[in-house]
There are 2 protein chains.
Amino acid sequence: MNVGQVAALAGVTVRTLHHYDRIGLLSPSGRTTAGYRRYAPSDLDRLHQVLVYRELGFPLEEVATLLDDPAADPAEHLRRQHRLLLDRMERTRAMVAAVEKEMEARHMGISLTPEERFELFGDWLPEEYEAEAEERWGDTEAWAQSQRRTRSYTKEDWVRIKAEGEDVERRFTEALRSGVPADSERAMDVAEEHRQQISRNFYDCPPEMHAGLGRMYVEDERFTAHYEQIAPGLAQYVSTAVQANAARQGG
Amino acid sequence: MNVGQVAALAGVTVRTLHHYDRIGLLSPSGRTTAGYRRYAPSDLDRLHQVLVYRELGFPLEEVATLLDDPAADPAEHLRRQHRLLLDRMERTRAMVAAVEKEMEARHMGISLTPEERFELFGDWLPEEYEAEAEERWGDTEAWAQSQRRTRSYTKEDWVRIKAEGEDVERRFTEALRSGVPADSERAMDVAEEHRQQISRNFYDCPPEMHAGLGRMYVEDERFTAHYEQIAPGLAQYVSTAVQANAARQGG
DNA sequence: TGCACAGCCTGACGTCGCGTCAGGGTCAAG
DNA sequence: CTTGACCCTGACGCGACGTCAGGCTGTGCA
């Protein structure tokens, strides 16, 4: 195969293949008399490995050493790639969760701290941080207030949305107080309205995601506190109702 | 906050913040009399957005236009980031599946075509490809043979592993022929041995992953053909047994 | 009070992984 | 035998920083 064909097959440019040849990462196993690069099947195998490692963020030089390691059989590469991909999955899942948390925080008018927001970036060393935090950045409450002030809301929208939210919370509280079980139809109906309210006012929130929020209400103290402040036991109640409703929707 | 503090918090280098200042992507809202950069809370918010978009692969200039768009409120950024992260999840999931497929192909001695391997890279246009494939790359069987020949196995290991695999397949076939249900204990036990064999000889294969392989046996004609060639109905039988065994393990 | 040392500043050059010409040879179809 | 698609080798450019160099600032402690 010629460069152009390989490039088309692999989804890279010809220039990329030239580059890989130049730096010795992937040299075609043959040339025509005219100097055309000719790629053999084994070259394609190697190119594939290169692209996977590249996608995983390895610098090309390191890819070369990995692939040129005579003690590494193909299965080892596959295992490593598999492991790294699972790592990426986990990282992405965590980022999705973080974005959803932020969305929900906005929804509830809670302000996350900068530390929480940056938690996913860099190799976070909590113990190193904890001690220095106060000294370095002083009064955290001032920060939080500042955060709150700098948020940009259209006043009237905010008022309406807030009223809607409080209405749902009030109905949850009533249900809780009158002893209606959290997985009852009544509670689930309020949960469903909660979900639709989020979808209308903030972001598309399918049942599965709503269930994730429900879990967060009991797992994250910030959100737990918001509900517990309204009525003791409300966090767990809302959490259960929301998850039950999601299960009902799911089938 | 000074640059160093912001850098530590966000997990980037000071140089990166200098760079973002220089290109106008993120200029601190203040300076001390000595010229020190002073970052306000709102600067941190922006930095966070920058890092998320950067992580998602946006060039910095585009990040700037996104963030400077006056018509885009914070919620819109969150929604976009959420969508893009879900896309990435899906892509990663597909790559994991591809690697697992490749591992299993090796396990069974099946050779995937280069097209299959590259399927995930570049925006794959199958219809454009289909027609030209034969003309451009000729006899696919020759390719496949070549692939097979270029694989590097230690002969004796390969013989042993192959014998083990055939043993399990034989026991599956016997179970099928004697009318034992695929979700019976006997069939599941063979499935479990199948799983452990993979784990020993090829790659760590937890029950969940094994279940994924089971699904592939009926969904991918290449693997279906392998089993159907041994005995009609074996592909579905193995698939069911493997998934039943995974369910048994899982709880 | 002085000074050591961590932290900040602004150039300026280097690196990595290519993109993008420029200038010129090759090959299959018509 | 020409036309147009495809190939070659430089060579320069670019994005997103890394990495000094040379010099100013801020602070803990002797």
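1. Thr92(B) sits in helix H5 of chain B, which covers residues 74-108. Helices here are DSSP runs of H or I of at least four residues, strands are runs of E of at least two, and both are numbered from the N terminus. The model is predicted, so local features need pLDDT of at least 70 and side-chain atom pairs count only at pLDDT 80 or more, while totals for chains, interfaces and linings use all residues. Residues are numbered from 1 along each chain as its sequence is written, chains are lettered from A and ligands numbered from 1 in the order in which they are written, and side-chain values use heavy atoms, with hydrogens and water left out.

2. Is Thr92(B) buried or exposed? Thr92(B) counts as buried because its relative accessibility is 2%. The cut-offs are under 20% relative accessible area for buried and over 50% for exposed, with partly exposed in between (1.4 Å probe, protein chains only). Apart from neighbours within four places in sequence, Thr92(B) is in contact with Leu85(A), Arg88(A) and Met89(A). Contact means heavy atoms within 4.5 Å.

3. Chain A has 13 helices and two strands. Of its 251 residues, 46% count as buried. Among the contacts in chain A with a separation of 6 or more, 59% come from residues 24 or more positions apart. Chain A exposes about 12900 Å², and carbon and sulfur atoms supply 50% of that area. Accessible areas come from the Shrake-Rupley method with a 1.4 Å probe; for residues, only the protein chains shown count as cover.

4. Helix H11 of chain A (residues 207-219) allows a check on length. Its 13 residues, at 1.5 Å a residue, should span 18 Å, and the end C-alpha atoms are 18 Å apart, which agrees. The expected span is 1.5 Å times one less than the number of residues. The buried residues of H11(A) are Met209(A), His210(A), Ala211(A), Leu213(A), Gly214(A), Met216(A) and Tyr217(A). An α-helix has 3.6 residues a turn, so residues three or four places apart point the same way.

5. DNA strand C is surrounded by 19 residues, the closest being Thr13(A), Tyr20(A), His18(B), Tyr36(B) and Arg37(B). Of the atoms of DNA strand C that come within 4 Å of the protein, 68% belong to sugar and phosphate. A residue is near a strand if one of its heavy atoms lies within 4 Å of it. H2(A) gives the most to the surface near DNA strand C, with four residues.

6. Which part of DNA strand C is 2.9 Å from an N or O atom in the side chain of Tyr36(A)? The partner is a base nitrogen. A polar backbone atom of Leu60(A) is 2.8 Å from a phosphate oxygen of DNA strand C, and a polar side-chain atom of His18(B) lies 2.7 Å from a phosphate oxygen of that strand.

7. DNA strand D also has its neighbours: 19 residues surround it, the closest being His18(A), Arg37(A), Thr13(B), Tyr20(B) and Leu60(B). Sugar and phosphate make up 73% of the atoms of DNA strand D that come within 4 Å of the protein. A side-chain N or O atom of Arg15(B) is 2.8 Å from a base oxygen of DNA strand D. A backbone N or O atom of Leu60(B) lies 2.7 Å from a phosphate oxygen of DNA strand D. H2(B) supplies the largest share of the surface near DNA strand D, four residues.

Conventions:
A polar contact is a pair of N or O atoms within 3.5 Å; within protein, one must be able to donate a hydrogen and the other to accept it, and residues adjacent in sequence count only if both atoms are side-chain atoms.
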